[in-house]
Amino acid sequence: MIYTFSDINTNDLPGCLPCAHTTDEAIRNAKEAMALHLWSMEQDGDPIPEPTPINKLHLGPNQIPVLIEVYMPTYREAIENTSVKKTLTVPQWLNRIAEEKRVNFSQVLQNALKAHLGIEHRPRSIKKQP
């Protein structure tokens with residue numbers, strides 16, 4: 001889906017407000033902000049609105065429309081594979097032995113969670129539970 005995005009047309013995606021100091025940075029930030037906003041809407045089950053047609057935009061003086069295109073499969077994959085920090089506790093004696101054996105705690109926990117949940121690979125789509 002292609003979205004037009006400008007600082008005066010936030011009706012398509014309310015709350016999606018990237019900031020930047022340069023035009024290049026603004027375009028990069030707009031892409032990332034849109035991708036994160038759309039992903040969040042998908043996760044919440046919110047409907048994705050149709051973008052406003054470019055000929056329906058009302059531009060002010062010295063403003064030009066810029067087409068911002070976001071390919072969601074790439075962004076979804078990157079977002080879903082972002083690591084999340086978790087705090088956990090283990091008995092001191094177990095921690096000592098694991099550290100002596102140079103255990104990668106993150107990898108062991110990931111493997112244990114996959115085994116516990118009966119998952120071999122990451123599912124294609126993971127929705128938030130209500």
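**The nonpolar core**

Select Leu13, Cys16, Ala30, Met34, Ala35, Leu38, Met41, Ile68, Val70 and Met72 in this predicted model. Together these 10 residues form the largest nonpolar core. Helix 1, which covers residues 23-44, supplies 5 of the core residues and contributes the most to it.

For the setting of this core, display the whole protein chain as a cartoon. The chain contains 4 helices and 2 strands, and their order along the sequence is β-α-β-α-α-α. Of its 130 residues, 18% are buried.

**Helix 1**

Next, select residues 23-44, the extent of helix 1. The C-alpha atoms at its two ends are 31 Å apart, which agrees with the 32 Å that its 22 residues should span at 1.5 Å a residue. Then colour the buried residues of this helix: Ala30, Met34, Ala35, His37, Leu38, Met41, Glu42 and Gln43. Among them, Ala30, Met34, Ala35, Leu38 and Met41 have already appeared as members of the nonpolar core.

Stop at His37, which belongs to helix 1. Is His37 buried or exposed? Its relative accessible area is 18%, so His37 counts as buried, given that the cut-off for a buried residue is under 20%. Show Pro14 as well: its backbone oxygen lies 3.3 Å from a polar atom of the His37 side chain.

Follow the helix to its end and select Gly45, the residue that comes after helix 1. The phi angle of Gly45 is positive, near 75°.

**From helix 1 to helix 2**

Now select Glu42 and Arg76 and show their side chains. How many salt bridges does the structure hold? There is 1, and it joins the side chains of Glu42 and Arg76, with an N to O distance of 2.7 Å. This pair connects distant parts of the chain, since Glu42 is in helix 1 and Arg76 is in helix 2 (residues 72-80), 34 residues apart. Although Glu42 is buried, Arg76 has a relative accessibility of 32% and therefore counts as partly exposed.

While helix 2 is in view, select Pro73, which is also placed in that helix. Pro73 is partly exposed, with a relative accessible area of 39%. Add Trp39 to the selection and draw a distance between the two C-alpha atoms: Pro73 and Trp39 are 34 residues apart along the chain, and these atoms are separated by 9.9 Å.

**The loop before helix 4**

Move on to Arg102, in the loop between helix 3 and helix 4. Its phi is near 55°, a positive value in a residue other than glycine. Arg102 counts as exposed, because its relative accessibility is 77% and the cut-off for an exposed residue is over 50%.

Select Asn104 and Ser106 next. Asn104 caps the N-terminal end of helix 4, with a side-chain oxygen placed 3.1 Å from the backbone nitrogen of Ser106.

**Helix 4 and the nonpolar patch**

Helix 4 itself runs over residues 105-117. For its 13 residues, a rise of 1.5 Å a residue should give a span of 18 Å; the end C-alpha atoms are 18 Å apart, which agrees. After helix 4 comes Gly118, with a positive phi near 70°.

For the final stop, switch to a surface view and select Leu88, Val90, Trp93, Leu94, Ile97, Val103, Phe105, Val108, Leu109, Leu113, Leu117 and Ile119. These residues make a nonpolar surface patch of about 1000 Å². Helix 3 (92-100) and helix 4 (105-117) are the elements that each give two or more residues to the nonpolar patch. Which of the elements gives the most to the nonpolar patch? Helix 4 does, with 5 residues.

One residue to single out in the patch is Val108, which lies in helix 4. Why can Val108 be part of a surface patch? Its relative accessible area is 46%, so Val108 is partly exposed, and membership of a patch requires over 30%.

Note on methods: Residues numbered from 1 in each chain as written. Predicted model: local features only at pLDDT ≥ 70, side-chain atom pairs only at ≥ 80, totals over all residues. Heavy atoms only, no water. Patch = residues over 30% accessible without salt bridge, like charges linked within 9 Å, V, L, I, M, F, W, Y side chains within 5 Å. Areas by Shrake-Rupley, 256 points an atom, 1.4 Å probe, with all protein chains shown as cover. Salt bridge = Lys/Arg side-chain N within 4 Å of Asp/Glu carboxyl O. Buried < 20%, exposed > 50% of the residue type's maximum accessible area, 1.4 Å probe, protein only. Core = buried A, V, L, I, M, F, W, Y, C linked by side-chain atoms within 4.5 Å. Expected span 1.5 Å × (residues − 1). Polar contact = N/O pair within 3.5 Å; in protein donor to acceptor, adjacent residues only side chain to side chain.
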